[in-house]
2 protein chains.
Amino acid sequence: MNGSANNHVDFTTVKNSRILSIQSHVAFGYVGGKAAVFPLQCLGYDVDAVNTVNFSNHAGYGRFGGSKTTADELSAMFESMEQNGLLLPSRLLTGYIPEAKALTAVSELATKLKRDSPDIIYLLDPVIGDSGRMYVSSDVVPVYRSMLPLASVITPNWFEVEVLTGVELHDLPSLQRALRILHQDYHVPHVVISSIPLKQWLLDVLPPNIKPSPSATEDSEFLLCISSSADGNGSQNLSTVHARSVPLIPGYFSGVGDLFSALLLGHFHPKQDPPSPHDTTLSYAASSALTKTHSILQITHEYALLLPEDERTPTDEEKDKAEPVRKFRRMRGRELRLIQGQDILRSTAIDELKQMKPWVDFWSTTA
Amino acid sequence: MNGSANNHVDFTTVKNSRILSIQSHVAFGYVGGKAAVFPLQCLGYDVDAVNTVNFSNHAGYGRFGGSKTTADELSAMFESMEQNGLLLPSRLLTGYIPEAKALTAVSELATKLKRDSPDIIYLLDPVIGDSGRMYVSSDVVPVYRSMLPLASVITPNWFEVEVLTGVELHDLPSLQRALRILHQDYHVPHVVISSIPLKQWLLDVLPPNIKPSPSATEDSEFLLCISSSADGNGSQNLSTVHARSVPLIPGYFSGVGDLFSALLLGHFHPKQDPPSPHDTTLSYAASSALTKTHSILQITHEYALLLPEDERTPTDEEKDKAEPVRKFRRMRGRELRLIQGQDILRSTAIDELKQMKPWVDFWSTTA
């Protein structure tokens, strides 16, 4: 990626574009709004930031101080913005909203915005949990289901797909079924499943243009990113599917999904044709978001490697329990290097795009 | 100012520099933290942002929703950060903290940080009011006075100087007296009085290198920015004083002081020699901050001029009362154009610096 001439914000694309971002705020570190707002500002968007929580740091540190914003406080903010003529977003981004009442207040706002401006681009990141574990209260799930028809794009991880659709992902038909539910039952035009571990069942069904080489999969674990666009593809398929496998960077990083979703929204331009007929608007935006997210992870990983040994081990639960400070230091060393990577975030022409590849026979393959 | 080659963040200066910024947050628009955090991030600083209020918008719109962060919530956040090993700032920035109890919590934190890291650079913006009107509760004033000895730099406007020192500024001796109180009684090494209207008494005492030309003062009102550095200047004077007059851009802009203070802190490098022997570290930082703030105001003003007539009149109280929406639109059109001016914020080499000029005989002049 180039940090010089290509580095200027493309104001012709984002001119006077406002994004209303509703998600968590932490004082220290980069998750939620702290992972999303600065990258979007670097891309030239005015970002109206409503904080659903105000915490000292993310929960990965074990302890945090601060408070959640109540549903009433959220509604009062939205109402004041409306009465002052400040509800002007052309795009809406929602992320971590941990309680059903607060999520309902956001849902009411999204409904209103969509009614007033049917063209609004709404990226809904249904933040529910990861790797089989929920980190919001379970009564948010039905609220998220009711909100799906409002969304232009959603960015669940594999676990969130399972929770939202009730389909366990373990083979191609189950993946097809889950996407069918999201597109057809919930009327979501664009779905990006941000990361699925590339297990054997998935490797077995991937077309050659997407599958990593056998030697690569021996050396490293991979994640798959899938995009599925249901609007206007003109074919008899339900959607146009793209995917790309990316090698997993070892260790746990927080805020990666929040960064990816923000960049996906920032690069999603449905009124422009994608640069190649092999792309959809969605797959091209996902390629850009994936490339930048990976570059930020790479510099974060490189930074973490320079730290003293205790601060860079991926994890070691027993030692952490004996010496909690060890855990804090390790988490701290893995905070995303967004500030140091701002040239990456700002670039509008990316040299080495990690391109999402067409999964041509996705819908015609049966297991 | 140049938006191309000079535009890269100087990581040798700010490498791994963290700023803990404690001030207001608004969802829409650019005041408090929204005016400070992005510019500092553009300069390459990691900014830990603690929000003292969470409002929908600034008070200038008349109505706002949201809540203030209580002193207990602030203390809980600081305590968690400390216990997690996240209280690592090399710089501290405090702004709008509207209640004495909350300010006391911040004062305790500042005391602790200063004790643990005597080299910490603390820019205290004593946000009290402007133009003779207070916009915080009056019991914050004694708390601010007690905090002054902790500060490296303070950035009061003329009204805040008067409130803090009890000296009414109306001639050179009163200005000398006020600065003497701040430097000697409160032990503040660096004072920047961000804006004083250039009234006749001030014009009369300004040296020729600072005074605007008589024809300029006929065409436009001017503000004076004064910097006064008391440390290590080696002369027998109490401090080294610089000043610059800047033409007033008509109309009311919110967040200008917050932006100026943030940029002053971001450009203040006491370990580097200033580029010319005529500068102090402080006057050079003030020159940079003044130049960038003025450029941002200029593009904001130019943007406001493109708006429909109702949205760009500076003010007209009677019409506002008859039609409140008119006021909202006007305020909205005057929100600082930080996002669109990010190349200005990022530049580390400024082509046309609005240089603060030495006020050589400041202390030897008597009225």
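## Basis of the report

Copies are superposed by least squares on the C-alpha atoms of residues with pLDDT of at least 70 in both. This is a predicted model, in which local features need pLDDT of at least 70 and side-chain atom pairs count only at pLDDT 80 or more, while totals for chains, interfaces and linings use all residues. Residues are numbered from 1 along each chain as its sequence is written, and chains are lettered from A in the order in which they are written.

## Relation of the two chains

A turn of 180° with a shift of 0.0 Å along the axis lays chain A on chain B with an RMSD of 0.0 Å. The two copies are thus related as by a two-fold rotation axis. Among the residues of chain A, F38(A) comes closest to this axis, its C-alpha lying at 3.5 Å. Both copies use the same surface: 100% of the contact residues (heavy atoms within 4.5 Å) of chain A recur in chain B.

## Strand β4 and its neighbours

Helices (H or I, at least four residues) and strands (E, at least two) are DSSP runs, numbered from the N terminus. Strands pair if DSSP finds at least two bridges between them. In chain A, strand β4 (residues 91–94) runs parallel to β1 (residues 18–26), joined by four bridges; I19(A) has R91(A) as its bridge partner. Four bridges also join β4(A) to the parallel strand β5 (residues 121–124), where L123(A) stands opposite L93(A).

In a regular strand the side chains alternate between the two faces of the sheet. Both faces of β4(A) are covered: R91(A) and L93(A) on one side, and L92(A) and T94(A) on the other, are all buried (under 20% relative accessible area, 1.4 Å probe, protein chains only).

Conventions:
Side-chain values use heavy atoms; hydrogens and water are left out. Buried means under 20% relative accessible area, exposed over 50%, partly exposed in between (1.4 Å probe, protein chains only).
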